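Let's take a stroll through a protein model, looking at what is packed inside and where empty space is left. Have the structure open while you read.

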Amino acid sequence: MPATTARRLFALLEPICLVTYFADEAGEEMAALGHRTYWDGYFAARAAPLGRVPAQVVHAAFYSFAEGEAARHIPSAWETVPPQTSFDAWRRGSAASVRRILGALAGSPGLARAADLVTRAATSAPTEGRVLYAGWRALPVPDEPVTRLWHSATMLREHRGDGHVTALLAHGVGGTEAHVLSAIDMGIHPPESFGRIHHLPARRLAEVMAGLRGRGLVDADGRSTDAGRETTRSIEALTDELAAPPYDALSAVELAELEAELEPLVARLVAAGSR
């Protein structure tokens with residue numbers, strides 16, 4: 001399946017996944033379990049499909065977090081609440097957000113059909129080299145359509161994320177470096193002010209910026225060079241290519257049908273700002 005298909009479906013599925021991080025229900029579910037902070041709940045739930053692995057494994061799989069960040073939450077968050085309990089609450093709250101925002105669309109035949117097609121794609125790709133995706137594949141897929149849509153869309157997100165890590169490694173770009181390049185691409189200046197990295201020690205950020213400048217990817221003002229823009233483009237192109245295999249399970253007609261069914265759902269989610 002062409003990489004352009006993966007890019008189009010990523011744009012359509014991402015808003016379904018993002019309700020987890022921007023709407024209230026998932027956070028409320030996690031707090032009710034006794035997680036002390038947002039990040040305790042995040043690590044406890046997102047890493048749960050890996051099983052009770054050490055923090056080093058979570059750090060490696062998540063890739064983009066700074067050294068030591070996973071260890072601040074794993075395994076302590078799992079000692080507070082079992083991994084599966086956290087995951088179930090995370091999924092339950094996420095599906096509740098999607099259901100609330102979509103209103104009547106949540107019960108539509110179009111959503112149920114989209115959930116079926118997304119699930120077929122999400123459960124069809126090879127798992128080799130896809131650690132987080134493989135963990136999700138080991139989980140049962142829920143029956144209820146909205147929950148199934150969120151679950152399978154997020155499974156595809158983790159599949160894409162595993163491929164993105166491969167692309168970053170192939171280009172020699174570490175997790176913090178990736179955040180800097182992403183911030184620049186989004187027009188954030190200085191890139192060190194980006195919310196995902198601004199809390200890191202100034203010395204560490206200075207080292208990262210110096211390394212990117214030394215490679216000719218960032219200029220003295222903290223903006224992307226031609227080489228930096230080409231690197232970002234190449235990483236995204238490889239990510240799209242590696243994200244394409246799940247969609248081989250769908251025919252061209254089914255892919256067109258899936259896009260048509262997703263469009264009104266995503267329009268509603270985007271209009272609501274995933275709140």
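Which residues in the largest nonpolar core touch the most other members? Keep in mind that this is a predicted model. The core has 47 residues, and the ones touching the most other members are Leu-13, Ile-16, Trp-90, Leu-149, Tyr-247, Leu-258 and Leu-262. Several helices chip in: α1, α2 (25–33), α6 (83–102), α7 (109–122), α8 (131–137), α9 and α13 (252–272) each supply at least two residues of this core. A separate core of 21 residues lies apart from that one, and Leu-168, Ala-183, Leu-205 and Ile-235 are among its members. In soluble globular proteins, nonpolar side chains tend to be buried together.

Let's zoom in on Leu-149. Skipping its neighbours within four places in sequence, Leu-149 is in contact with Ile-16, Leu-111, Ala-114, Ala-115, Val-118, Leu-262 and Leu-265.

Now for the empty spaces. Rolling a probe the size of a water molecule over the atoms shows where empty space is left. Here are the two pockets side by side:

| Pocket | Volume | Lining by class |
|---|---|---|
| Largest | about 1,300 Å³ | 19 nonpolar, eight polar and nine charged residues |
| Second largest | about 180 Å³ | six nonpolar, six polar and three charged residues |

The largest pocket, at about 1,300 Å³, is lined by 36 residues, and Glu-14, Arg-157, His-164, His-179 and Arg-196 are the closest to its centre. Six helices, α1 (3–22), α3 (38–46), α4 (55–62), α9 (145–170), α10 (175–185) and α12 (226–242), each give at least two residues to this lining. The largest share, eight residues, comes from α9.

What about the second largest pocket? Its lining has 15 residues, with Trp-39, Phe-65, Glu-69, Arg-196 and His-199 nearest the centre. Two or more residues of that lining come from α3 and from α10. Look for Arg-196 in both places: it is among the residues closest to the centre of the largest pocket and among those nearest the centre of the second largest one.

One last stop, back in helix α9, where you'll find Asp-162. Is Asp-162 buried or exposed? Asp-162 counts as buried because its relative accessibility is 7%, and the cut-off for buried is under 20%. Not counting residues up to four places away in sequence, Asp-162 touches Arg-130, Val-131, Leu-132 and Tyr-133. Phe-62 is 100 residues away from Asp-162 along the chain, yet their C-alpha atoms are separated by 8.6 Å.

Conventions
Residues numbered from 1 in each chain as written. Predicted model: local features only at pLDDT ≥ 70, side-chain atom pairs only at ≥ 80, totals over all residues. Heavy atoms only, no water. 1 Å grid on protein atoms, 1.4 Å probe; cavity = no way out; pocket = protein on both sides within 12 Å on 5 of 7 lines; lining within 4 Å. Points joined across faces, edges and corners; volume = space filled by probe spheres on them. Helix = DSSP H or I, 4+ residues; strand = E, 2+ residues; numbered from the N terminus. Nonpolar A, V, L, I, M, F, W, Y, C, P; charged D, E, K, R; others polar. Buried < 20%, exposed > 50% of the residue type's maximum accessible area, 1.4 Å probe, protein only. Contact = heavy atoms within 4.5 Å. Core = buried A, V, L, I, M, F, W, Y, C linked by side-chain atoms within 4.5 Å.
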